[in-house]
Amino acid sequence: MRNFRLHEDTSVEFSNKLNFLVGGNGQGKTSILEAIYYLCTTKNLLSSSDSDTITFGRQFMEIKGVIEDLAVHSVRLNYDTRRKYYYLDDKIIPNSAEIIGKFPIVTLIQADHQLTQGSPSDRRKFVDSTLSQLSHSYLDIYIDYNKILRQRSNLLSQIRENRNLNLYDQLEAWTESLILKGAQIIEHRNKFVSEFNGYLKNAYQYIMGDVETPFISYSTLCSPEENIAVEFRKQIDSVKEEEIRRGVNLIGPHRDDLLFLINDKELKKYGSQGQHKTFQIALKFAQFFYIKERINRTPVFLMDDVFGELDKYRAEKISAYLSEIGQAFITMTDLTYYEELNNDNRLITVENGKAKIVN
Ligand SMILES: Nc1ncnc2c1ncn2[C@@H]1O[C@H](COP(=O)(O)OP(=O)(O)OP(=O)(O)O)[C@@H](O)[C@H]1O
């Protein structure tokens, strides 16, 4: 990393098992996770803007890495306040969608409280990012669908201003495309949720025991037994005037949600803080094992300060769970859980933007 947040010039060679990044607050631990995430996805882990990551007073940042996976790849990201460049094996990648799924990654970070406590879009993002890492065809459908949404809402606003017949014909064509792609998204999400529930139950019960059973219910425009395209058409026809009046796409999978339940009770309404936290962690471990089994490759796992907020019982359970994952990067402010770890693992201290391997 060069000129990346506090890291003016930091290099680290990681273990292919667990890497513990230990240091006080504000020393640059999370930034290392952020850099790894950039290399695997081209995107920012914390939804900050790329320009925030350049060390104060500098004009550019650079992150380079070697990823040993099915093959050995060199990856590099440069950002110079105007443009971001991503290189894979020294070849520039113009479209970041090409990288999604190439280096599978799962993250467990502070912002994950939004998964259970935030808005439906946070939950849709979870499903979409999992499916996009698994299948490029899902990503293509998803990108197409979002383009259609934009075009169609522009058109709805135009019709509001000018009710011309030609525009109505165009609207019908966009509605057909919306239904076609939207129905494909719903089919994929339906299948995902039905498969994923087993993984979630395993992960949750590994941490909490089997007195509590988690469940995800997918809330979309119709039930799984109904014909998606037929229902979609029926509902979109019934709100046509309202869509024009508001210039908004009112029906489709962009309004879906996931409902989280514990023992059939809605987590959002009845869950304790601890249950929320356990649910968030279980979602991420389940995502890890789901991706791993579907594509037969082990995602990299990033965990930012997970242990700080947990009681001793759950922290120990999760610490034991770590031995079942592959390469992981785990930040912590102290070494309470380090003693349980074996020789394959690496302890790296991070202090004021400098990283040092301790063992
Ligand atoms: N663009 C930047 N240039 C220089 N320093 C920065 C920049 N952005 C953030 N920082 C500094 O980096 C530090 C935050 O880094 P990071 O989030 O990696 O810390 P951390 O070790 O994970 O801390 P915590 O344990 O509190 O989460 C802060 O001290 C912040 O002031």
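Two strands count as paired here if DSSP finds at least two bridges between them. With that in hand, let's look at strand 12 in this predicted model.

Strand 12 spans residues 300-304, and it has a paired strand to talk about in each row below.

| Pair | Sense | Bridges |
|---|---|---|
| Strand 8 (residues 105-108) and strand 12 | parallel | four bridges |
| Strand 12 and strand 13 (residues 328-332) | parallel | four bridges |

To pin those pairings to actual residues: Ile105 has Val300 of strand 12 as its bridge partner, while Leu302 is bridged to Phe329 in strand 13.

How buried is strand 12? Five of its five residues are buried, so the strand is largely enclosed by the rest of the structure. Side chains in a regular strand alternate between the two faces of the sheet. Here, Val300, Leu302 and Asp304 point one way, and Phe301 and Met303 point the other way. Both sets are buried, Asp304 included.

What links up with strand 12 to make a β-α-β unit? Helix 10 (residues 312-321) and strand 13 do, and the unit is right-handed.

Now for the ligand. It's surrounded by 19 residues, and the closest are Asn25, Gly26, Lys29, Thr30 and Ser31. Which helix gives the most to this shell? That's helix 1 (residues 29-41), with three residues. Sorted by class, the shell around the ligand holds eleven polar residues, four charged and four nonpolar.

How values were computed:
Residues numbered from 1 in each chain as written. Predicted model: local features only at pLDDT ≥ 70, side-chain atom pairs only at ≥ 80, totals over all residues. Buried ≥ 20, exposed ≤ 12 C-beta atoms within 10 Å, placed from the backbone. Helix = DSSP H or I, 4+ residues; strand = E, 2+ residues; numbered from the N terminus. Right-handed = clockwise from strand over helix to strand, strands pointing away. Near = placed C-beta within 6 Å. Nonpolar A, V, L, I, M, F, W, Y, C, P; charged D, E, K, R; others polar.
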